[in-house]
Amino acid sequence: MERFFEELGRRRFMVPRCVECGKYIYPPRDFCPFCNSRRTEWVEVEGEGTLYAFTTNPEGLHFAGKTVGIVELKEGFKVFSLINASIDELEVGQPVKLEFTEVDLGGERKIILHSFTPIQK
C-alpha cells in the first residue's frame, strides 16, 4: 500500500496488474489473489468509471458530511472513494472521472486521496 499512496501523492492512480492472468489487483498487494502469481507490474488506470453506490458519511474523523461511494472503474474493479457531489446530484450508473483531493490530517500533515466527480453530459 505504501507505493499506492506515494503515487497518489504524485496525482497518479496506479495499481498492480498480474502479469500472468492480466487482472488488476485492488487493494494493492504483492501477489495476485486470482491466480496466486507474484509476477505483478504497476500500471496507471484510466480514471473513468461508473457510480455503483453512494451515501453521505454523517460522522467521521475527516469526512463528516461528505459524500462517499463505490466506483466501478473501466478496468473492472471497484474502489471506495470520496465523491465530489451532493447525493441529490447523483444516481447509480452515472459516469464519473478521477480527480485528486488534498485532505488535511491536522497540524501540517496532508495527504492526497483519489476522488471522483460526475461527468457532465
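## Salt bridges, barrel and loops of a predicted model

At 55% relative accessibility, Lys74 counts as exposed, and in this predicted model the residue serves as a starting point for a description of the salt bridges, the strands and the loops. Lys74 forms a salt bridge with Glu48, with 3.0 Å between the closest N and O atoms. This pair links distant parts of the chain, since Lys74 sits in the loop between strand 4 and strand 5 whereas Glu48 belongs to strand 3, 26 residues apart. Glu48 itself is partly exposed, with a relative accessible area of 29%.

### Salt bridges

In total, the structure holds ten salt bridges. Three pairs are set out below, each with the distance between its closest N and O atoms.

| Pair | Closest N and O atoms |
|---|---|
| Lys74 and Glu48 | 3.0 Å |
| Glu41 and Arg17 | 3.2 Å |
| Arg38 and Asp30 | 3.3 Å |

Glu41 forms its salt bridge with Arg17; Glu41 lies in strand 2 (residues 40–44) and Arg17 in strand 1 (residues 14–18), so the pair ties together parts that are 24 residues apart in sequence. The relative accessibility of Glu41 is 35%, which counts as partly exposed, and Arg17 is likewise partly exposed, with a relative accessible area of 24%. In the salt bridge between Arg38 and Asp30, by contrast, both residues are exposed. A network of salt bridges also links Arg3, Glu7, Arg10, Arg12 and Glu44.

### The barrel

Five strands close into a barrel, in which the order is 3-4-5-7-6 and the pairing is mixed. Neighbouring strands of this sheet are turned against each other by 45° on average, with direction ignored. Helix 1 (residues 2–9) packs on the sheet, where it touches strand 6 (95–106) and strand 7, and the direction of helix 1 makes about 75° with that of strand 7.

Following the order of the barrel, strand 3 (residues 48–56) pairs with strand 4 in the antiparallel sense over seven bridges, and within this pairing Ala53 stands opposite Ile70 of strand 4. Strand 4 and strand 5 also run antiparallel and are joined by five bridges; here Glu72 has Lys78, in strand 5, as its bridge partner. The hairpin of strand 4 and strand 5 has four residues between the strands, and in this hairpin Gly76 takes a positive phi near 100°. Strand 5 (residues 78–83) and strand 7 (residues 109–118), on the other hand, run parallel and are joined by two bridges, with Ser115 in strand 7 as the bridge partner of Leu82.

Is strand 4 largely enclosed or largely open to the outside, given how many of its seven residues are buried? Five of the seven residues are buried, so strand 4 is largely enclosed by the rest of the structure. Ile70, which is found in strand 4 (residues 67–73), is nevertheless partly exposed, with a relative accessible area of 30%. Together with Tyr52 and Phe80, Ile70 makes a nonpolar surface patch of about 310 Å².

### Loops and backbone features

Ala85 is found in the loop between strand 5 and strand 6, and this residue is buried, with a relative accessible area of 14%; the value is under the 20% that sets the limit for a buried residue. Leaving aside residues up to four places away in sequence, Ala85 touches Thr67, Leu90 and Pro118. The C-alpha atoms of Ala85 and Pro118 are separated by 7.4 Å, although the two residues are 33 residues apart along the chain.

The loop between strand 1 and strand 2 contains Pro27, which is joined to Tyr26 by a cis peptide bond with omega of about 0°. Asn36 lies in the loop between strand 1 and strand 2 as well, and has a positive phi of about 70° although it is not a glycine; at 59% relative accessibility, Asn36 counts as exposed. A positive phi, here of about 60°, is also found for Arg11, again not a glycine. Arg11 lies in the loop between helix 1 and strand 1 and is partly exposed, with a relative accessible area of 42%.

Terms used:
Residues are numbered from 1 along each chain as its sequence is written. This is a predicted model: local features need pLDDT of at least 70, side-chain atom pairs count only at pLDDT 80 or more; totals for chains, interfaces and linings use all residues. Side-chain values use heavy atoms; hydrogens and water are left out. Patches are made of residues with over 30% relative accessible area and no salt bridge: like charges are joined within 9 Å, nonpolar side chains (Val, Leu, Ile, Met, Phe, Trp, Tyr) within 5 Å. Accessible areas come from the Shrake-Rupley method with a 1.4 Å probe; for residues, only the protein chains shown count as cover. A salt bridge is a side-chain nitrogen of Lys or Arg within 4 Å of a carboxyl oxygen of Asp or Glu. Buried means under 20% relative accessible area, exposed over 50%, partly exposed in between (1.4 Å probe, protein chains only). Two strands pair if DSSP finds at least two bridges between them. Axes are lines fitted to C-alpha atoms, for helices over the stretch in contact, and angles run from 0 to 180 degrees between N-to-C directions. Contact means heavy atoms within 4.5 Å.
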